[in-house]
Amino acid sequence: MTSNANASLKGVASAKKERRMEELEQLLDQTLNQDLIQIILSNSRDAKQAMKSKVRPVLLKGALLFQETLYRGNQVFHTNYTKEEMKAKILKDMGELFGQAQLKGISLEASVLVSKKGKVTVKKRRLSQQEGQKTGNAPLSRDLSHDRSKRYILQEGIPVDFLVGLGVQTPEGKIVRAKYDKFRQINRYLEFIEDVLDALPKDRCIRIIDFGCGKSYLTFAMYYYLHQLKKREIQVTGLDLKEEVIERCSLLAKSLHYDGLQFEKGDISTYQGEQKIDMVVSLHACDTATDYALEKAVKWGAEVIMAVPCCQHEVNGQIHCDVLEPVLKYGVIKERMSALITDALRADFLEQKGYHTQILEFIDMEHTPKNLLIRAVKTKKMQPGKGKGTVSGDTKLQSIMEFLHIEPTLQKLLKE
């Protein structure tokens with residue numbers, strides 16, 4: 001084939017790709033305005049460059065701009081763009097980096113898929129005012145200031161049945177003053193779930209176990225978000241040792257007709273009720289109870305693990321290091337260092353088992369220094385013994401544990 005023919009074919013392919021992106025460009029022209037809620041770009045083809053991008057409108061010194069929040073590993077970057085700059089960047093990113101986009105507006109929802117060959121599929125749907133409020137798209141007031149109060153998944157002023165039932169909201173949708181921190185925590189938790197939604201099965205019922213569910217604010221929130229808002233078929237089991245808690249939560253679930261949500265009395269370390277679970281949650285399980293929950297999750301091959309450890313006493317009771325003695329002699333410092341080391345090692349052990357793992361702040365550090373969340377997503381790109389779990393990685397972890405004279409329970413459980 002001649003060079004002229006090659007050039008002609010390349011020109012035709014380029015022209016086709018440009019036409020395919022025209023519909024996306026028209027969608028962005030239509031939606032990049034003050035009525036936009038957010039755009040999420042995902043399904044990254046290069047996680048090192050960016051895992052995900054979120055776009056929302058902001059008002060800065062009277063000008064409408066669009067703020068991109070870019071997620072790269074454990075780092076987050078914020079950049080403001082004009083409409084034309086934002087449109088150009090999204091078109092470029094969807095052409096080269098991301099394979100999926102979800103757009104939410106006050107009156108419009110849209111999804112965009114871009115195949116590896118460049119085929120673009122756009123689906124959009126108009127929303128009635130009632131639909132917008134029901135799905136949480138339509139805010140009660142539009143405040144686009146750069147430092148505006150956070151836009152929550154569950155919004156103030158819109159009654160949600162489980163929030164009312166748990167005493168977080170009044171029947172009119174007002175947040176009870178004493179429960180506002182809990183309201184913020186619930187929304188933060190739902191953001192963590194939103195980030196890993198694509199890792200959960202789409203073609204069958206999602207099975208979830210919540211170890212140590214307690215009063216179950218977050219268990220109810222998870223069910224409401226996945227089933228009511230995202231329309232996923234799910235089966236959630238909340239497990240706790242307190243009979244009165246299980247009874248109260250079961251009654252509320254029944255009264256709300258949450259048919260896929262059930263509560264059982266049981267202990268994390270001895271629970272054997274399932275063979276396959278898609279998502280394991282363990283919030284504020286004390287000391288080594290978190291390790292047993294993580295071990296169960298790995299054993300089941302859970303696609304997603306979310307754990308907020310609590311009361312990490314084990315390493316605090318073991319740790320001994322002559323080099324660090326000047327630091328460890330202070331009790332509160334020793335306690336905090338032990339907790340951080342415990343969670344870091346837990347994350348590394350999960351990495352060895354084929355999970356992409358992050359340690360994130362669950363709620364603002366001003367409330368408590370202990371609320372860190374371990375979030376792990378199973379990935380086919382990593383296998384046990386690769387990545388951080390190479391022989392070198394194993395040796396380094398073993399060296400750390402020998403240096404500190406510690407033997408974490410999770411390591412022993414996973415070896416068994």
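**Entry 1: a pair around Lys-265**

I began with Lys-265 and found that its side chain meets that of Glu-243 in a salt bridge, with 3.1 Å from N to O. I then looked up where the two partners sit, and the pair turns out to link distant parts of the chain, since Lys-265 belongs to strand E10 (residues 261-265) and Glu-243 to helix H7 (residues 243-255), 22 residues apart. Glu-243 counts as exposed because its relative accessible area is 53%, and the cut-off for that word is over 50%. I note here that I am working from a predicted model, and that every value in these entries is computed from it.

**Entry 2: the whole protein**

Before going further I looked up the overall picture, and I wrote down that the protein has 13 helices and 14 strands. Of its 416 residues, 47% are buried. The accessible surface comes to about 21500 Å², and 52% of that surface belongs to carbon and sulfur atoms. I also checked how contacts are spread along the sequence: among those between residues at least 6 apart, 65% join residues at least 24 apart.

**Entry 3: more salt bridges**

How many salt bridges does a search of the whole structure find? The search gives 17. As a reminder to myself, side chains of opposite charge can pair when their charged atoms come close.

I picked out Glu-194 and Lys-54, whose side chains meet in a salt bridge at 3.7 Å from N to O. Glu-194 is in helix H5 (residues 180-195) and Lys-54 is in strand E2 (residues 52-60), so this pair ties together parts that lie 140 residues apart in sequence. Both Glu-194 and Lys-54 are buried. When I followed the connections outward, I found a network of salt bridges that links Lys-52, Lys-54, Glu-194, Asp-195 and Arg-375.

Helix H5 also holds a pair within itself, for Arg-188 and Glu-191 both lie there, 3 residues apart, which is about one turn of the helix. Their salt bridge has its closest N and O atoms 3.1 Å apart. Arg-188 counts as partly exposed because its relative accessibility is 32%, whereas Glu-191, at 10%, counts as buried.

**Entry 4: a charged residue without a salt bridge**

Next I turned to Asp-240, which lies in strand E9 (residues 234-240). Which side chain of opposite charge is nearest to Asp-240, and how far away is it? The nearest is Lys-242, at 5.7 Å, and Asp-240 has no salt bridge although it is buried. That distance can be set against the cut-off, because a salt bridge needs the nitrogen and the carboxyl oxygen to be within 4 Å.

I then asked what else surrounds this side chain, and I found that one of its polar atoms lies 2.9 Å from the backbone nitrogen of Gly-214. Leaving aside neighbours within four places in sequence, Asp-240 is in contact with Gly-212, Cys-213, Gly-214, Ile-246, Glu-264, Lys-265 and Gly-266. Lys-265, from my first entry, is thus among the contacts of Asp-240.

**Entry 5: two buried residues**

Is Gln-100 buried or exposed? I found that Gln-100 counts as buried because its relative accessible area is 17%, and I placed it in strand E5 (residues 98-105). Gln-100 and Ser-42 are 58 residues apart in sequence, yet their C-alpha atoms are 5.3 Å apart in space. Not counting residues up to four places away in sequence, Gln-100 touches several others, among them Ile-40, Leu-41, Asn-43, Met-94 and Asp-198.

Thr-219 is placed in helix H6 (residues 217-229), and with a relative accessible area of 1% it is buried. Beyond four places in sequence, Thr-219 touches Asp-210, Cys-213, Val-236, Leu-261 and Phe-263.

**Entry 6: loops and surface**

I finished with the loops. Lys-231 lies in the loop between H6 and E9, and its phi is near 60°, a positive value in a residue other than glycine. His-257, in the loop between H7 and E10, likewise has a phi near 60°. Lys-231 counts as exposed at 61% relative accessibility, and His-257 counts as exposed at 62%.

My last note concerns a nonpolar patch on the surface, formed by Val-327, Tyr-330, Val-332 and Ile-333, which together have about 330 Å² of accessible area. Tyr-330 lies in the loop between helix H10 (325-328) and helix H11 (331-352), and at 47% relative accessibility it counts as partly exposed.

Terms used. Residues are numbered from 1 along each chain as its sequence is written. This is a predicted model: local features need pLDDT of at least 70, side-chain atom pairs count only at pLDDT 80 or more; totals for chains, interfaces and linings use all residues. Side-chain values use heavy atoms; hydrogens and water are left out. Patches are made of residues with over 30% relative accessible area and no salt bridge: like charges are joined within 9 Å, nonpolar side chains (Val, Leu, Ile, Met, Phe, Trp, Tyr) within 5 Å. Accessible areas come from the Shrake-Rupley method with a 1.4 Å probe; for residues, only the protein chains shown count as cover. Helices (H or I, at least four residues) and strands (E, at least two) are DSSP runs, numbered from the N terminus. Buried means under 20% relative accessible area, exposed over 50%, partly exposed in between (1.4 Å probe, protein chains only). Lys and Arg count as positive and Asp and Glu as negative; His and the chain ends are not counted. A polar contact is a pair of N or O atoms within 3.5 Å; within protein, one must be able to donate a hydrogen and the other to accept it, and residues adjacent in sequence count only if both atoms are side-chain atoms. Contact means heavy atoms within 4.5 Å.
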